[in-house]
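This report covers a contact between chains and the make-up of one chain. The structure comes first.

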Amino acid sequence: MTAPAEQQPSPVASTGIKSDLVSGLVLVALAGYILWLNQKFPVGSLADPGPGYVPMLLAIGLGLVGLLVAVMGGRSRPLAAIRWPEGTRAVIILVACTAAGLALEYIGYRLTIFAFLVFFIGVIERKPPLPVVLVSGGFSLGSYYIIGDVLHVPLPVGPWGF
Amino acid sequence: MKLKHITFAVFGALAAAGVHAQDAFPSRGVTMIVPFPPGGVADTTGRPTAAIMEKYLKQTVTITNRPGAGGAVGNAAVANAKPDGYTMLMGLSSVSVIPEADKLFNRKPAYTLEQLDPIALISADPMILVVHPSLPVKTVKEVIALAKKNDGELSFSSSGVYGALHMPMEMFMHAAKIKLRHVPTTGGGPAITQLLGGHVTMTAGGPAAISPHVKAGKLRTIVSWGDDRHPNYPDVPTFKESGYDITYYIWAGLFVPHGTPESVTKVLRDAVRKGVADPEFKSQMTKINSPIKYMDAPDFQKYWDADAKRLAAVVKIVGKVGK
Amino acid sequence: MVETFNDLMLGFSVAFQPQILMYAFGGCIIGTLVGMMPGLGPLAGISLLLPATFGLNPIVAIVLLAGVYYGAMYGGSTTSILMRIPGEAASVMTCVDGYAMTQNGRAGPALAIAAIGSFFAGTVGVIGLMLLAPTLATFALRFGPPEYTALLLMGLFVLAYMSGGSMLKTLAMAIFGLLLGMIGIDIMSGYTRFSFGIVELGDGVGIVSVAVGLFGISEILLTAGNQDTPQVQKPTLRELIPSKEEFRLSAGPIMRGSLLGFMIGIIPGSAHIISSFVSYGIERRMSKHPERFGNGAIEGVAGPESANNAAATGAFVPMLALGIPTSPVTAVMIAAIMIHGISPGPMLIQEQPELFWGFVASMYVGNLVLLILNLPMVGLFVNLLRIPYAYMYPCILAFCILGVYSVSNSIIDVWIMLVMGGVGYVLRKFHYDLAPVALGLVLGPMLELSLRQSLALSGGEYGIFLERPIAMTMFGLGGLLLLLALKPLIFKSKDWRSKVGLEDEAD
């Protein structure tokens, strides 16, 4: 199969490593990793496929497609042309969410979400203290009331009872 | 920066307040973990049980569904919970199968049976073998004869490998020395659907689940895995009567993490004992078509041990599928 | 016909009792709210409400739950359109063009068309259910593993029409999704695959946490750090109402989506999730301007939204006519009736005419309630876009964590969502389309299972797929579709896809 979209001449002057070369090779590596993991599972036969059969086929497929993406990606944008202006913020968001996930079952839902919102709206976005406290407090208590109290979802409660 | 300091100060104060004196059990709400999604047997048994225990514990009993991995997620959550009696498990018979299957596959076990202490058995129901009505068989003997004639071409559906519908069928196949094709599905409902559509030949079904289809003539009962005849199916013989010494019950029982103090388990056991005798509970259980089979901890422990041993043996016989 | 009419009158006499009407209304409102929570979809909604119905009578219980179910189906589209967060699996396709419409300032029409499409589809579904339930149910039972395999394979062929980008990348993402679907306990053998020792992964990665991560979180990661954060929108009344052109474009997709969704919905199993994907693929294929898809084509909202609502009604057919729980949602509904001592079975319609006809009538009422409720709410919802982004995105993140956590009280789902958010962010940077991942994840486990079930049934003979007429027909149809999709590649004619590709690369 060919990839019509990738055949188009790219408007960007093509120098350096191509983005598709990189992403294609990452897919090949992923396929290799899956094949390696898949060794543990019996493959079986075409008539009686075991637990490893379909993953093996898929991993091989992913490897082939990845290879094609890499090979045909000659005219894609150079890797260096991909800008990451929001990269730092993206990492901060992911780290903060992870921290919130870790804290959730230890200090309870309301406290976690309050701290989480204060961090984003107050520290990152530098909004004035009053709206920060109002939004954070209102959100954490309000959502707990609706989901926890009204809908009876057992949300985590901290050691202090809230 | 200032904000951080305030937060820490608040945390500190709260931590100090968190250490409170130990009161008589239960001093706060109790959680009952149901390792299956809402609507399943464990859930429909757990809800009336929780409601009635609330009445006698004089504290709220909240149900938390922790479904996943055929019950392993919820079972493991209770097995590894703090043994203070505030976390209970409404476990099904699959509780004993999961660690065995883990052993078979050399997996790090999610939990072991030693990590759970029984409180009480709540209900138990035998499985019943049903076939598609187009099949020209009415008794076990005929089923076996047909299976032998069509060497290995008859099939049965189940709720998944080592699941509650698979285990009794394996017992049957082993006892009758027959071979059937196994078609696992994603649950009890889909397993019956496969049979109703005539895609498979037979399945093991819970008495409540098959009842409307049997009444409508869409399924035919053959034999039950019970010790005695089922009160709702007096015409269906048992395997024991037919000369095969196999029994299989789906049961639901209450567990706490191992190491829960006796003073605490006693309170819970008392609450269940009073609860199961309550007419309110009885009528609820009749409505969901689930027979109460109450056993207090010591009897339940014996029952559980015997059941676990039997199931472990079956798991070993089945071995790894698809090796 | 007269009989049906009389039965229906009986149904309406039940449904118009003030108490039942109230619960239908309440259910729709609760459902809409639950559906709007990211991660909490119809299944979570009715599971949460199930315990509350134990004290009610069975008709009220099932009417309430059906209202919640419908409401959640609808509510899911609201967050998809406004924030690119799929409330449930069936809204994934709505995220693509619905959110693009919001960015073009057409959030109002998108929401309105979703409401109207859902209403139409719901009504078509109820009429189908009422007139044809027993017949259709018997037909639906003929769908065994081989037929299912054929159906799912056809679903996979839709991929060819689904995405505007590179075909290779679409394929890569679909395979990635299928592989994600391999995680968890293999139902056929009991092996736990690719779970890295995490017990919670035994049931696989949930489509909801993956979809919320891939679409919702990745969108926030892309926009939150931008210098020019999204402009606050101040929609005027005129912008809330779909234009004549938009109505004209939506009519066909709504009708096709409704029929298609209902047909897929009646088939036992969870295949109804694919109805929205299939509808999207069909609309794109049929459109004269496929390049508009992905950039805010209203057909891309109208079709899938109608399809998923019709499928939701279709799923009740086997439940009511045969009493079998064919999907997790209907399993909960059946539990809600059983708890009152009614065992639903093939005789349900005869034995409990008030329950069945009351339910049917209350579905008419519920659909109407949702339309009345939601059309005026469009204005309210769109005004959410007035909230400055600095306040908006932290709250969306908190909602995502809350919603995804609540589905099964599991923090693992939150981790899956975050990982998928990061993966989705990077993939979008590299111009990979994400919808095929969702389709792959939905299809993967079902396709593998039904294929292996078929082989278990036949003892390893592939002939089983050729012996069964329904499976045969579908394979034939699927092959034809595949050939049509490949034709432009083989004959090197200028395919519409390359035109789309041009625009894609130039951005």
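## Contact between chains C and B

The model is predicted. Chain C puts 45 residues into its contact with chain B, and chain B puts in 49. On the side of chain C that touches chain B, the elements giving two or more residues are α3 (42–53), α16 (328–338) and α21 (435–458) of chain C. Of these, α16(C) gives the most, with five residues.

Which classes of residue make up this side of chain C? The side holds 25 nonpolar residues, 17 polar and three charged.

## Chain B overall

Chain B has 11 helices and 11 strands. Its C-alpha atoms fill a box of roughly 80 × 45 × 35 Å along the principal axes. Of the 323 residues in chain B, 52% are buried.

Contacts in chain B can be sorted by sequence separation. Among those with a separation of 6 or more, 75% join residues 24 or more positions apart.

## Two domains in chain B

The domain assignment splits off domain 1 (29–124 + 249–318) and domain 2 (128–224) of chain B. Taken over C-alpha atoms, the centres of domain 1 and domain 2 of chain B are 27 Å apart. Their contact takes 13 residues from domain 1 and 11 residues from domain 2.

Which elements of domain 1 give two or more residues to the side that touches domain 2? They are α4 (94–104) and α11 (297–318) of chain B. The most come from α11(B), with five residues. By class, this side of domain 1 has eight nonpolar residues, five polar and no charged.

Conventions:
Residues are numbered from 1 along each chain as its sequence is written. Chains are lettered from A and ligands numbered from 1 in the order in which they are written. This is a predicted model: local features need pLDDT of at least 70, side-chain atom pairs count only at pLDDT 80 or more; totals for chains, interfaces and linings use all residues. Two residues are in contact if their C-beta atoms, placed from the backbone, lie within 7 Å. Helices (H or I, at least four residues) and strands (E, at least two) are DSSP runs, numbered from the N terminus. Ala, Val, Leu, Ile, Met, Phe, Trp, Tyr, Cys and Pro count as nonpolar, Asp, Glu, Lys and Arg as charged, and the others, Gly among them, as polar. A residue is buried if 20 or more other C-beta atoms lie within 10 Å of its own, exposed if 12 or fewer, and partly exposed in between; C-beta atoms are placed from the backbone. Domain bounds come from an automatic or database domain assignment.
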